[in-house]
Structures are given as structure tokens and as C-alpha cells.
Amino acid sequence: TILVMKNKVPTIKEIAKIANVSLMTVSRALNNNPRVREQTRKKILNIAKELNYRPNRIARSLVSKRSNLISLIVADIRNQFFAELARGIEDKAWESGYNVIISSTDNDPKRLESQVRLMMEMGVDGFILASVRLKEPIVDTLIQQNIPVVLVNRKLASENVSYVVIDNHRGACLVMEHLINHGCRNIAIINGSTDLSTCAERLRGYKKALAEHGLTLRPEYVANGSFTKEHGYTAAKKMLSMPDRPDAIFGASDLIALGVMKAADELGLRIPDDLSLVGFDDTEFSSNPRIDLTTVSQRKYEMGRLGVQVITEIIEGTEANYTNRIVLEPHLIVRNSGGCEMRKSCAHST
């Protein structure tokens, strides 16, 4: 048994002295370096355990020039989409020997810049950003300073930085094809803010599908705003109160779709009998039997894991010479809300 003085913080020097090895050997053993013999490694780890040794992150970062910390900045941590994305990031980071600091911007560009600068002062190794607009000067600053950064979910207009995203344009086309194939012709879209790549691309897919099927683009059927239940409710209440109301609504997020459901219920409209509804995200609540929302899977967990893979490759220098652009294929998850076979207004479908 190793006797340790009370209140004394153990160091690797003590471990090295007790194990009768060099400081370098202790450091390698604690970091699972394969250059240490298994018998020696076990001996060192056992001593460290008895001493209740805890590595000093600051001291270690001064030696390695790394903190093994990644900053994840999301738009709104209350949104279940970002919570599910963050889980994939945390799991992969942990497997890769990194820890994640999560912060939220509420889609405020000034708050994003403040968070980035704070994390830089803390010495994080890199950034995973899930909160950028199409133009984001702070990202250009990170690139100019050669600070590792990768975007997930959203991207910049310039595309001068690594990113992992879903094909939002393709996802919107899948939604529209589904609704049109079910006979819907008066299709509205309730979208987020068009200064986000996700919203701009989903709107583009919506417009493309209308044009390809010879359907008229009606300005009153397009509502841009935010990815919130409140926006979905307000916009849907207005649209569904029109004399010539839509027979289907494409909610550009599952939260928007929830707001549409609330508005439809208050107006006495049944989904999908009176109104077809499709969301986007496939967040966990969308599969609830009482919601049963047809939606687009963004493969959030996979997106998060890939984001960590890209950022660690940049941090560790294995993929530093080119921009890594990963675009995932979306999948339409068909549930009850998007069907309209029983609705008389769809009887004229072709």
C-alpha cells in the first residue's frame, strides 16, 4: 500500500519515483502510448490509481499544445434537433479523446462572435459550428488564423470551410413529390429565415417542384420566419383562415409542423383528412403516435459524428490541406400526417 500525505496533490514525479521509471515513461503510460510495455503500463496505472492522481489539464496542454477541448456552438439548445445532433458529437468526441463545451447563440450573430472569442481565450483546439448564417465574418476570422473549424447542419455562401450537411434541396423535393403524388395542389411552405442555408435550400426545392409540376407559386402560401412552433402556429392560422386555403403545408422543421397542428386543431381541421402536413428533421417527438408526422430524416446523430471526425482530422493535421465537404442524402419518413387519400379535395389528383 502506498502512503500519501493528506491534502497533498500527487504528481507524475511521485509516480515515476515509486515505479522507478522516467517521467516520459509515466507520461506515455497515462496517455496509452503503445511504446510502453504492458506490464509497466499496468504498474504505473495502479500506482496512479492508489495515489488518486488526476492529470492537470492546463499543464498537459502547455506540453502538448492541445487542450483536447472542442467548442460546439448551436443555434438553440432547446430545439430537440440540436440536442440530438449534440449527442452524436459528444459520443464521437469522447471516443476520440476529446471533451465538448456546448453553448447556444439563439441565432444572434453578436452572441456567436462573443462565444467564439471566449472559447478561443479558453484555448479550445477547434470549433464545430451549427449556428451560422450564409454570411458569417467570425468564421472568416477563424480561417485566417488557421484555427480548426467545421460547420454542421448549416453552411456559408462562400463554401470556403469544411462542413457536414444534409442535402436540404433534395429533402424539400422529396416532401413536395410526396404531397403532389397524393393529389395535393395548393401546397404552402412555412419556412425559417432565408439568411440560413437550410432555409434557402428548402425554399428552392419547394419552388422547383412547383415549377416542374406546372403549379403556381403563390406568395401568400410562403411564410418565412423562424424554426419555432410559434411561427408555425401564427403562419398556419393565417393561411388556413383564407377562403382559398392550402390543402397541404410543408413545415420546414418539425417544430414548425407542431405549430401547424395546433392551428389546424383550433380551426377544426383534421390531419390528414382536411390538411396534409410534412415536417423536416425527424426529431424524436415526430414518431409519437399522437403526432405521427411525415418528415425528412436529417441523420442528425451521424452528422454529428462525422463533424467530429472532420474536426479531429484537421486538429491532428491529417486532413489540413483541403476543405472537406460532406453532403448526406436525406430520407423521407412516411407516417400518417402526409397522406390525403381520403380527402375529397384530392379527388382530382393525376
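Contact, as I use the word in these entries, means heavy atoms within 4.5 Å. The structure I examined is a predicted model.

**Entry 1. Gly339**

I began with Gly339, which I found in the segment after β12 (331–333). I set aside its neighbours within four places in sequence and listed the rest: Gly339 is in contact with His178, His182, Pro272 and Ser276. I then looked up the distance to Leu277, which lies 62 residues from Gly339 along the chain; their C-alpha atoms are separated by 8.1 Å. Is Gly339 buried or exposed? Its relative accessible area is 11%, and the cut-off for buried is under 20%, so I recorded Gly339 as buried.

**Entry 2. Pro272**

Pro272 is among the contacts of Gly339, and I turned to it next. I placed Pro272 in the loop between α11 and β9 (276–278). I checked the peptide bond from Ile271 to Pro272 and noted that it is cis, with omega near 5°. For context, most peptide bonds are trans.

**Entry 3. The chain as a whole**

I counted 12 helices and 12 strands in the chain. The chain has 350 residues, and 49% of them count as buried. I also looked up the contacts with a separation of 6 or more: residues 24 or more positions apart account for 71% of them.

**Entry 4. Helix α10**

I took up helix α10, residues 229–240. The helix has 12 residues and reaches 16 Å from its first C-alpha to its last, close to the 16 Å expected at 1.5 Å a residue. I listed its buried residues as His231, Gly232, Ala235, Ala236, Met239 and Leu240. Why do I place them on the same side of α10? They cover an arc of only 135° around the axis, and therefore they lie on the same side of the helix. On the face turned away from the buried side, I found the exposed residues Glu230, Thr234 and Lys238. I then asked what covers the buried residues, and my list includes the strands β6 (187–190), β7 (222–223) and β8 (248–251), together with the helix α11 (254–266).

**Entry 5. The largest cavity**

How many cavities of 30 Å³ or more does the structure hold? I recorded 2 of them. The largest cavity has about 90 Å³ of space. I noted its lining as Asn79, Phe81, Phe82, Asn153, Arg154, Thr198, Arg202, Phe227, Ala252, Ser253, Asp281 and Gln298. The elements that give two or more residues to this lining are α5 (80–95) and α9 (197–212). By class, I entered the lining as 4 nonpolar, 5 polar and 3 charged residues.

**Entry 6. Asp281 and Gln298**

Asp281 and Gln298 are among the residues that line the largest cavity, and I examined both. Asp281 is in the loop between β9 and β10 (295–297). Gln298 is in the loop between β10 and α12 (300–315). The two are 17 residues apart along the chain, and I noted a C-alpha separation of 5.3 Å. I recorded Asp281 as buried, at 6% relative accessibility. Gln298 is also buried, with a relative accessible area of 1%. Leaving aside neighbours within four places in sequence, I listed the contacts of Gln298 as Phe81, Asn153, Ile166, Asn168, Arg202, Phe280, Asp281 and Met303. Of these contacts of Gln298, Phe81, Asn153, Arg202 and Asp281 also appear in the lining of the largest cavity.

I then checked the backbone of Asp281. Its phi is positive, about 140°, although Asp281 is not a glycine. I note beside it that most residues other than glycine have a negative phi.

**Entry 7. The second largest cavity and Asn107**

I found about 40 Å³ of space in the second largest cavity. Its lining consists of Thr105, Asn107, Asp108, Pro109, Leu112, Ser131, Arg133 and Glu136. I divided these residues into 2 nonpolar, 3 polar and 3 charged.

From this lining I chose Asn107 for a further look. I placed Asn107 in the loop between β2 (99–104) and α6 (109–122). What is the sign of phi at Asn107? I recorded a positive phi of about 60°, although Asn107 is not a glycine. With a relative accessible area of 41%, Asn107 is partly exposed.

Definitions and conventions
Residues are numbered from 1 along each chain as its sequence is written. This is a predicted model: local features need pLDDT of at least 70, side-chain atom pairs count only at pLDDT 80 or more; totals for chains, interfaces and linings use all residues. Side-chain values use heavy atoms; hydrogens and water are left out. On a 1 Å grid over the protein atoms alone, a cavity is a set of points where a 1.4 Å probe fits but cannot get out, and a pocket is an open set with protein on both sides within 12 Å along at least five of seven lines; lining residues have an atom within 4 Å of a point. Grid points are joined across faces, edges and corners, and a volume is the space filled by probe spheres set on the points. Helices (H or I, at least four residues) and strands (E, at least two) are DSSP runs, numbered from the N terminus. Ala, Val, Leu, Ile, Met, Phe, Trp, Tyr, Cys and Pro count as nonpolar, Asp, Glu, Lys and Arg as charged, and the others, Gly among them, as polar. The expected span of a helix is 1.5 Å times one less than its number of residues. Buried means under 20% relative accessible area, exposed over 50%, partly exposed in between (1.4 Å probe, protein chains only). The arc is that of the directions from the helix axis to the C-beta atoms.
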